[in-house]
Amino acid sequence: MKKMLKNISTAILVFSSVLTTTVNAETVKNMPLTGLIETPNTSFNELKGKWLYVDFWASWCGPCKKSFPFMNALQTTFKNENFKVIAISVDDTKAAAEKFLKYNETNFWVFHDPKGILAEQFQVPGMPSSYLINPEGEIVHKHKGFTEASGNELMSVIQAELKK
Amino acid sequence: MLNNIKIILFCLIAFSLSACTNVQPWEKGNLAKKEMAWSPDAMQAAMNSQVYASKESSRGGNGSAGGGCGCN
């Protein structure tokens with residue numbers, strides 16, 4: 001009886017650990033990126049060697065809209081330093097994302113992740129969320145949400161990381 | 001012994017049938033829609049609040065949290 005209960009509990013533990021295993025997002029895995037509008041399709045492997053500012057956004061997210069001018073400024077400020085801003089939309093439909101982009105100008109690359117595959121790999125904690133990735137593909141800074149103060153903080157962090 | 005096994009199996013089945021689910025942050029698009037708010041029409045909500053307040057001679061105690069995109 002005790003042996004059977006022990007076997008059952010061991011089986012449950014093993015089964016649940018298999019189900020809950022997630023990809024470690026600290027080093028970015030090679031994942032395909034589907035471009036929106038004029039952004040070409042690419043992958044994280046092809047972008048290795050550059051500093052990346054990856055931002056997850058959606059057309060239904062108010063703070064995401066506020067972060068777009070900041071990302072434009074970021075791309076302009078660091079354009080000569082091997083730095084690329086990448087915004088990934090998690091909208092269900094391409095049309096919703098493209099409608100948003102029609103009214104919000106961007107000078108950075110925008111990709112689409114309708115099924116949340118990339119968002120899940122990065123374990124996005126909230127909307128918006130941003131990640132600073134070094135040329136080796138390691139996530140060196142994470143930021144959840146966006147406010148006016150966030151812009152200044154992020155700019156300082158990025159400047160400090162680029163100087164290292 | 002057989003009873004214990006039945007209890008354990010019953011618990012496992014009951015937990016697996018649970019309808020609770022976690023909505024991931026990137027899946028909250030539908031929750032952010034205007035019609036998903038507790039009071040989608042602000043003017044209607046204000047009028048209702050005024051009517052209740054005048055009938056009960058007291059204000060407050062209404063409104064609730066929840067819904068929305070949960071951004072920031």
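**View 1. Chain B, taken as a whole, has little that counts as buried.** Of its 72 residues, 7% are buried, meaning that 20 or more other C-beta atoms lie within 10 Å of a residue's own, while 12 or fewer makes it exposed and anything in between partly exposed, with C-beta atoms placed from the backbone. The chain has two helices and zero strands; helices (H or I, at least four residues) and strands (E, at least two) are DSSP runs, numbered from the N terminus. This is a predicted model, where local features need pLDDT of at least 70 and side-chain atom pairs count only at pLDDT 80 or more, while totals for chains, interfaces and linings use all residues. Residues are numbered from 1 along each chain as its sequence is written, and chains are lettered from A and ligands numbered from 1 in the order in which they are written.

**View 2. Here is helix α1 of chain B, residues 2–16.** How many of the 15 residues of α1(B) are buried? The count is zero, so to speak of cover, α1(B) is hardly covered. At 1.5 Å a residue, its 15 residues should span 21 Å, and the end C-alpha atoms are indeed 21 Å apart; the expected span is 1.5 Å times one less than the number of residues.

**View 3. Chain B meets chain A here.** On the chain B side, 12 residues are in contact with 20 residues of chain A, where contact means C-beta atoms, placed from the backbone, within 7 Å of each other. Sorted by class, the chain B side has seven nonpolar, four polar and one charged residues. For that sorting, Ala, Val, Leu, Ile, Met, Phe, Trp, Tyr, Cys and Pro count as nonpolar, Asp, Glu, Lys and Arg as charged, and the others, Gly among them, as polar.

**View 4. Strand β3 of chain A has a partner in β4(A) and another in β6(A).** Six of the seven residues of β3(A) are buried. Seven bridges join β3(A) to β4(A), and these two run parallel; Trp51(A) stands opposite Phe83(A) in β4(A). With β6(A) there are five bridges and the run is antiparallel, with Val54(A) opposite Tyr131(A). Strands pair if DSSP finds at least two bridges between them. Together, β3(A), α2(A) and β4(A) make a right-handed β-α-β unit: with the strands pointing away from the viewer, the path from the first strand over the helix to the second runs clockwise.

**View 5. This is the largest nonpolar core, with 39 residues.** Such a core is a set of buried Ala, Val, Leu, Ile, Met, Phe, Trp, Tyr and Cys residues joined through C-beta atoms within 7 Å. Among those with the most contacts inside it are Tyr53(A), Phe56(A), Ile88(A) and Met127(A). Elements giving two or more residues to it include β3, α2, β4 and α5 of chain A. Ile88(A) touches Val54(A), Asp55(A), Phe56(A), Phe111(A), Asp113(A) and Leu118(A), leaving out residues up to four places away in sequence.

**View 6. Some backbone oddities sit in loops of chain A.** Most residues other than glycine have a negative phi, and most peptide bonds are trans. The bond from Met127(A) to Pro128(A) is cis, with omega near -5°, and Pro128(A) is in the loop between α4 and β6. That loop also holds Gln123(A), whose phi is near 55°. Asn82(A), in the loop between α2 and β4, has a positive phi of about 55°. Asn82(A) counts as exposed because it has 12 C-beta neighbours inside 10 Å.

Notes: Two residues are in contact if their C-beta atoms, placed from the backbone, lie within 7 Å.
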